[in-house]
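Thank you all for making time this morning. I would like to walk through one model with you, going from confidence to core, then to charged pairs, and ending at the surface.

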Amino acid sequence: NCACRKPKPGLLNKIINETNPPHIFIGDNYTDIMAAKAACIDAALVLTGHGQRFSNIIPKNIPIYKNLECFINSIFKA
C-alpha cells in the first residue's frame with residue numbers, strides 16, 4: 001500500500017524531484033504505464049518481459065515496441 005509501489009507514482013515523482021525529469025518511461029507492465037500517467041510522464045510499452053500480456057489493454061495513445069532495441073532505434077530515426 002506504499003505510494004512508491006506501481007501503479008502509484010511515488011517512485012517516479014521522487015526521480016523527477018531529484019533529477020531532470022525523464023522524457024519517457026518504458027515498461028513491460030500495465031502498472032508501469034499507469035504509474036507514468038499518474039506522474040504525468042510519457043510512457044511506452046515493450047513487448048518483452050510481461051509486455052505481450054498487456055498489449056491489448058494499453059491505451060491507444062501509448063506507443064508499443066517489440067523490445068527496448070526497437071524503441072532506441074525509433075529515437076535515432078527521428
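What is the mean pLDDT of the protein, and what percentage of its residues reach 70 or more? This is a predicted model, and its mean pLDDT is 91, with 96% of the residues reaching 70 or more. Among the elements, helix α1 has the lowest mean pLDDT, at 87, while strand β3, residues 64-65, has the highest, at 97.

Let me turn to the interior. The largest nonpolar core holds 13 residues, and those that touch the most other members are Leu12, Ile33, Ile41 and Ile58. Two or more residues are given to this core by each of α1, spanning 10-18, α2, spanning 30-38, and β2, spanning 42-46, and the largest share, 4 residues, comes from α2. As a general background, nonpolar side chains in soluble globular proteins tend to be buried together.

Now for strand β1, where I would like to take two residues in turn. Phe25 lies in this strand, which covers residues 24-27, and with a relative accessibility of 21% Phe25 counts as partly exposed, since the limit for calling a residue buried is under 20%. Setting aside neighbours within four places in sequence, Phe25 is in contact with Leu12, Asp32, Ala36, Ile41, Asp42, Ala43 and Ala44. Leu12, you will recall, is one of the core residues that touch the most other members, and so is Ile41. As for Pro9, it is 16 residues from Phe25 in sequence, and the two C-alpha atoms are 12 Å apart in space.

Ile26 is also placed in strand β1, and at 30% relative accessibility Ile26 is likewise partly exposed. Which residues does Ile26 touch, not counting those up to four places away in sequence? They are Ala44, Val46, Leu68 and Phe71, and Ala44 is thus found in the contact list of Phe25 as well as in that of Ile26. The C-alpha atoms of Ile26 and Asn61, which are 35 residues apart along the chain, are separated by 14 Å.

Next, the charged pairs. How many salt bridges does a search of the whole structure find? The search finds 2. In one of them, Lys6 pairs with Asp32, with the closest N and O atoms 2.4 Å apart; because Lys6 lies in the segment before α1 and Asp32 in helix α2, the pair ties together parts that are 26 residues apart in sequence. Lys6 is partly exposed, with a relative accessible area of 45%, whereas Asp32 is buried, at 6%, and Asp32 has already appeared among the contacts of Phe25.

The other salt bridge joins Lys14 to Glu18, where the closest N and O atoms are 3.3 Å apart. Both of these residues lie in helix α1, 4 residues apart, or about one turn of the helix. Lys14 is partly exposed, with a relative accessible area of 46%, while Glu18, at 56%, counts as exposed.

Finally, the surface. Leu68, Ile72, Ile75 and Phe76 make a nonpolar patch of about 410 Å². Phe76 is found in helix α4, which runs over residues 68-77, and is Phe76 buried or exposed? Its relative accessibility is 67%, so Phe76 counts as exposed. Leu68, also part of this patch, is one of the residues that Ile26 touches. I will stop there and take your comments.

Definitions and conventions: Residues numbered from 1 in each chain as written. Predicted model: local features only at pLDDT ≥ 70, side-chain atom pairs only at ≥ 80, totals over all residues. Heavy atoms only, no water. Patch = residues over 30% accessible without salt bridge, like charges linked within 9 Å, V, L, I, M, F, W, Y side chains within 5 Å. Areas by Shrake-Rupley, 256 points an atom, 1.4 Å probe, with all protein chains shown as cover. Salt bridge = Lys/Arg side-chain N within 4 Å of Asp/Glu carboxyl O. Buried < 20%, exposed > 50% of the residue type's maximum accessible area, 1.4 Å probe, protein only. Contact = heavy atoms within 4.5 Å. Core = buried A, V, L, I, M, F, W, Y, C linked by side-chain atoms within 4.5 Å. pLDDT = per-residue confidence, 0-100.
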